[in-house]
Amino acid sequence: MADHLAAQYHDDRLLQARQDMHERFSEYRGDVRAWVTDHIPFEPGALLLDVGCGNGRYFPHYAARGAEVVGLDLFPGMLAAAAQAGNA
């Protein structure tokens with residue numbers, strides 16, 4: 001199982017593909033990431049910890065609301081992708 005997960009999350013290509021497919025075929029036509037982050041109460045200037053951040057796709061939404069975010073993930077490939085979007 002661990003080997004399968006390590007291969008799955010070696011980089012964010014497969015996660016990115018799943019995220020893109022969800023956006024393309026979801027019946028919800030709004031911005032899911034904005035909807036999720038809008039439901040997290042925090043003040044501008046807050047420091048957030050995103051545990052299981054994946055590829056950091058939510059980071060820009062936190063930043064748009066004035067938060068600084070630090071991401072943690074078990075998989076180095078995810079952290080490398082998240083580092084492109086913010087702190088990981």
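**Salt bridges, strands and surface of a predicted model**

Glu23 and Arg57 are joined by a salt bridge whose closest N and O atoms lie 3.3 Å apart; a salt bridge here is a side-chain nitrogen of Lys or Arg within 4 Å of a carboxyl oxygen of Asp or Glu. Because Glu23 belongs to helix H2 and Arg57 to the loop between S1 and H4, the pair ties together parts that are 34 residues apart in sequence. Helices (H or I, at least four residues) and strands (E, at least two) are DSSP runs, numbered from the N terminus. This is a predicted model, in which local features need pLDDT of at least 70 and side-chain atom pairs count only at pLDDT 80 or more, while totals for chains, interfaces and linings use all residues. Residues are numbered from 1 along each chain as its sequence is written, and side-chain values use heavy atoms, with hydrogens and water left out.

Arg57 has a second partner. Asp20 forms a salt bridge with Arg57, with 3.0 Å between the closest N and O atoms. This pair also links distant parts of the chain, since Asp20 is in helix H2 (residues 13-25) and Arg57 in the loop between S1 and H4, 37 residues apart. Arg57 is buried, because its relative accessible area is 17%; buried means under 20% relative accessible area, exposed over 50%, and partly exposed in between (1.4 Å probe, protein chains only). The acidic partners are partly exposed: Asp20 has a relative accessible area of 35%, and Glu23 has 38% relative accessibility. Asp20, Glu23, Arg33 and Arg57 are linked in a network of salt bridges.

The structure holds four salt bridges. One of them joins the side chains of Asp11 and Arg13, at 2.9 Å from N to O. Asp11 counts as partly exposed because its relative accessibility is 23%, whereas Arg13, with a relative accessible area of 62%, is exposed. Side chains of opposite charge can pair when their charged atoms come close.

The overall layout comes next. The protein has five helices and two strands, and from the N terminus on its elements run α-α-α-β-α-β-α. S1, helix H4 (residues 59-64) and S2 make a right-handed β-α-β unit; right-handed means that, with the strands pointing away from the viewer, the path from the first strand over the helix to the second runs clockwise. S1 and S2 pair in the parallel sense over five bridges, where pairing requires that DSSP finds at least two bridges between two strands. Within this pairing, Leu47 stands opposite Glu68 in S2.

What do the two faces of each strand look like? In a regular strand the side chains alternate between the two faces of the sheet. In S2 (residues 68-72), Val69 and Gly71 point to one face and are buried, while Glu68, Val70 and Leu72 point to the other and are not. S1 has a covered face, made of Leu48 and Asp50, and an uncovered one with Leu47, Leu49 and Val51.

Val51 is located in strand S1 (residues 47-51), and it is exposed because its relative accessibility is 61%. Together with Leu49 and Leu72, Val51 forms a nonpolar patch on the surface, with about 300 Å² of accessible area in total. Patches are made of residues with over 30% relative accessible area and no salt bridge, like charges being joined within 9 Å and nonpolar side chains (Val, Leu, Ile, Met, Phe, Trp, Tyr) within 5 Å. Accessible areas come from the Shrake-Rupley method with a 1.4 Å probe, and for residues only the protein chains shown count as cover.

Gln84 sits in helix H5 (residues 76-85) and is exposed because its relative accessibility is 71%. Gln84 and Gly56 are 28 residues apart in sequence, with 8.0 Å between their C-alpha atoms.

Buried residues make up 31% of the 88 residues in the protein, and its C-alpha trace spans about 40 × 30 × 20 Å along its principal axes. The mean pLDDT (the predictor's confidence in each residue, from 0 to 100) is 88, and 98% of the residues reach 70 or more. Among the elements, helix H1 (residues 2-8) has the lowest mean pLDDT, 78, and S1 the highest, 95.
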